[in-house]
Amino acid sequence: MGMTEGQPAAAPWPAPGRDLAPLLALVARGDQAAFATVYDHSAALVFGLVRRVVRDPAQSEEVTQEVMLEVWRTASRFDPHRGSAMAWLMTMAHRRAVDRVRSGLAAAQRETRAAVAVTDYDVVAEEVETRLDAQRVRRCLDSLTELQRESVTLAYYGGYTYREVAGLLGVAVGTVKTRMRDGLIRLRDCLGDGS
Amino acid sequence: MRIRREVPHTLAGAYVLDALTEPDRVRFERHLAGCEACRQEAASLREAAGRLAAVPAVPPPPHVREQVLTEAARTRQQPPLTADALAGPGRRAIRWRAPRMAVAIAGGCILVALVLGGLFIHTQRSLSAEQAHNRAIATILNAPDATIMSAKAMTSGSATVVMSHRDHALVLTTAMLPALPAGQRYQVWLMGTRRTRPAGMLPVPHRGMTAPVVVSGVAPGDMVGLTVESASGSTVPSSAPVLMLVLPF
């Protein structure tokens, strides 16, 4: 699988100087060309995240389609005062991905397929990885306690509920709840430091 | 509406990680609606959680792009939210319209709809089945504890429910949900503390409205959900609900 003609490589995210907010305002008014541009700048990031959570490539494609159509449908609801366009978009992507793995449709398949399907994508992923931000997030994740980190990553990348995470880690539900919150506070502070 | 259990502040982390079950999430969003400090904290944690999305980007195959652009060209967009908007970013808004208010009046409106709806129900059911169906509806509408509520779909359109606790049953109608391609229908679910149970298929809409569906066996803590399924129905939801409605218990 190679890059598509006319499609730029993945945009760095958060993308300085490539704010999608003005484009979303055009999309909200039905501008299909603007929507195509938004797609080109975000689809690889959406697909990367969705695939990480959902695992199955075919289902990840479906979820990516759902997300991008949700962007089209709900562009008028994007409020630039509440956060960046990319954060808005990736929030939708994550929710859709999690909804998919919880629907039961994916649950049965993802374990069996995960090991098989991922390989050929990783070559491409190598090429387009947004190294800088990913590295920084990883470094900040390393600054959490192990329980905080496990709680946050199992929930976010694994698509598990906090109750399921408690089961996986063998700790009380209340403990997981507070570790998720504390972990995110620490992550927020670390990322905000600009280090 | 009674909150079933206290929603502690500490759920903010699980919430922004999308790690709450659907009932927990709905309850927490209710809690957020009345707590400015919680909203602010959730927003700042949301930004941090959003950064976790910085995983390796992978371009989807080209056909995805074609399908998305084709589909967008024939998909109606949502209008902007106006002044009283309270929805969180990108998430379905569950709005209460006067719960427990003017049941008699609203019930009357629904009855009018039923009479009109009966014109086309006729063609779909035998007479006796239709009479039983209408009797079941009338029983719920006339129950002393009948409560009406409605919710907007995350797509477009809305659902209205008249519910009777006494009868553990409800009547559901919808208006202006997005039309579905042939081979797909909306399916009704009861989603609650017990497992999610299928609760019937919505009939094909007539001028945007669906004829009333009766759902029985409603348990405390249940919510009503609508998903898009194949026309034959599913045993478990295969997609995210387009609408969730919390029932008062």
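## Exercises on a predicted two-chain model

In chain B, 4 strands make up an open sheet whose order is 5-4-7-8, with antiparallel pairing; two strands count as paired if DSSP finds at least two bridges between them, and strands (E, at least two residues) and helices (H or I, at least four) are DSSP runs numbered from the N terminus. The model is predicted, so that local features need pLDDT of at least 70 and side-chain atom pairs count only at pLDDT 80 or more, while totals for chains, interfaces and linings use all residues. Residues are numbered from 1 along each chain as its sequence is written, and chains are lettered from A and ligands numbered from 1 in the order in which they are written.

**Exercise 1.** Work out which strands are the edge strands of the sheet 5-4-7-8 of chain B, and follow the pairing across this sheet.

*Solution.* Step one is to find the strands that pair on one side only, and these are strand 5 (197–201) and strand 8 (243–246) of chain B. From one strand to the next the twist averages 30°, where axes are lines fitted to C-alpha atoms, for helices over the stretch in contact, and angles between N-to-C directions run from 0 to 180 degrees.

Step two takes the pairs in turn. Strand 4 (residues 184–191) of chain B is joined to strand 5 of chain B by 3 bridges, the two running antiparallel, and B:Leu190 has B:Arg197 in strand 5 as its bridge partner. Strand 4 of chain B is also joined to strand 7 of chain B, again antiparallel, by 8 bridges, with B:Arg185 bridged to B:Glu229 in strand 7. Finally, 4 bridges link strand 7 of chain B to strand 8 of chain B in antiparallel fashion, and here B:Leu226 stands opposite B:Leu243 of strand 8.

Step three asks how covered strand 7 of chain B is: 7 of its 8 residues are buried, a residue being buried if 20 or more other C-beta atoms lie within 10 Å of its own, exposed if 12 or fewer, and partly exposed in between, with C-beta atoms placed from the backbone.

**Exercise 2.** Describe the second open sheet of chain B, with the order 1-2-3-6, and name its edge strands.

*Solution.* This sheet is formed by 4 strands with antiparallel pairing, and its edges are strand 1 (147–152) and strand 6 (213–216) of chain B, each of which pairs on one side only. Neighbouring strands are turned by 25° against each other on average, direction ignored. At the strand 6 edge, 4 bridges connect it to strand 3 (residues 169–175) of chain B, which runs antiparallel to it, and B:Leu170 stands opposite B:Val215 of strand 6.

Both sheets can then be placed in the whole chain, as chain B comes to 6 helices and 8 strands, read along the sequence as α-α-α-α-α-α-β-β-β-β-β-β-β-β. Of the 249 residues in chain B, 37% are buried.

**Exercise 3.** Characterise the contact between the two chains, from its overall make-up down to one helix pair.

*Solution.* The contact draws 72 residues from chain A and 52 residues from chain B, two residues being in contact if their C-beta atoms, placed from the backbone, lie within 7 Å. On the chain B side, helix 1 (11–16), helix 3 (36–51) and helix 4 (62–73) each supply at least two residues. By class this side has 34 nonpolar, 12 polar and 6 charged residues, where Ala, Val, Leu, Ile, Met, Phe, Trp, Tyr, Cys and Pro count as nonpolar, Asp, Glu, Lys and Arg as charged, and the others, Gly among them, as polar.

For the helix pair, helix 4 (residues 85–102) of chain A packs with helix 3 of chain B at an angle of about 75°, their axes being 10 Å apart. Helix 4 of chain A is therefore roughly perpendicular to helix 3 of chain B, since angles of 65 to 115 degrees count as roughly perpendicular, those under 35 as roughly parallel, those over 145 as roughly antiparallel and the rest as oblique. The residues making the contact are A:Ala87, A:Met90 and A:Thr91 from helix 4 of chain A, and B:Arg46, B:Glu47 and B:Gly50 from helix 3 of chain B.

**Exercise 4.** State where in chain A the confidence is lowest and where it is highest.

*Solution.* Chain A has a mean pLDDT of 79, with 74% of its residues at 70 or more; pLDDT is the predictor's confidence in each residue, from 0 to 100. The lowest confidence in chain A falls in helix 6 (residues 119–128), with a mean of 34, and the highest in helix 3 (residues 57–74) of chain A, at 95.
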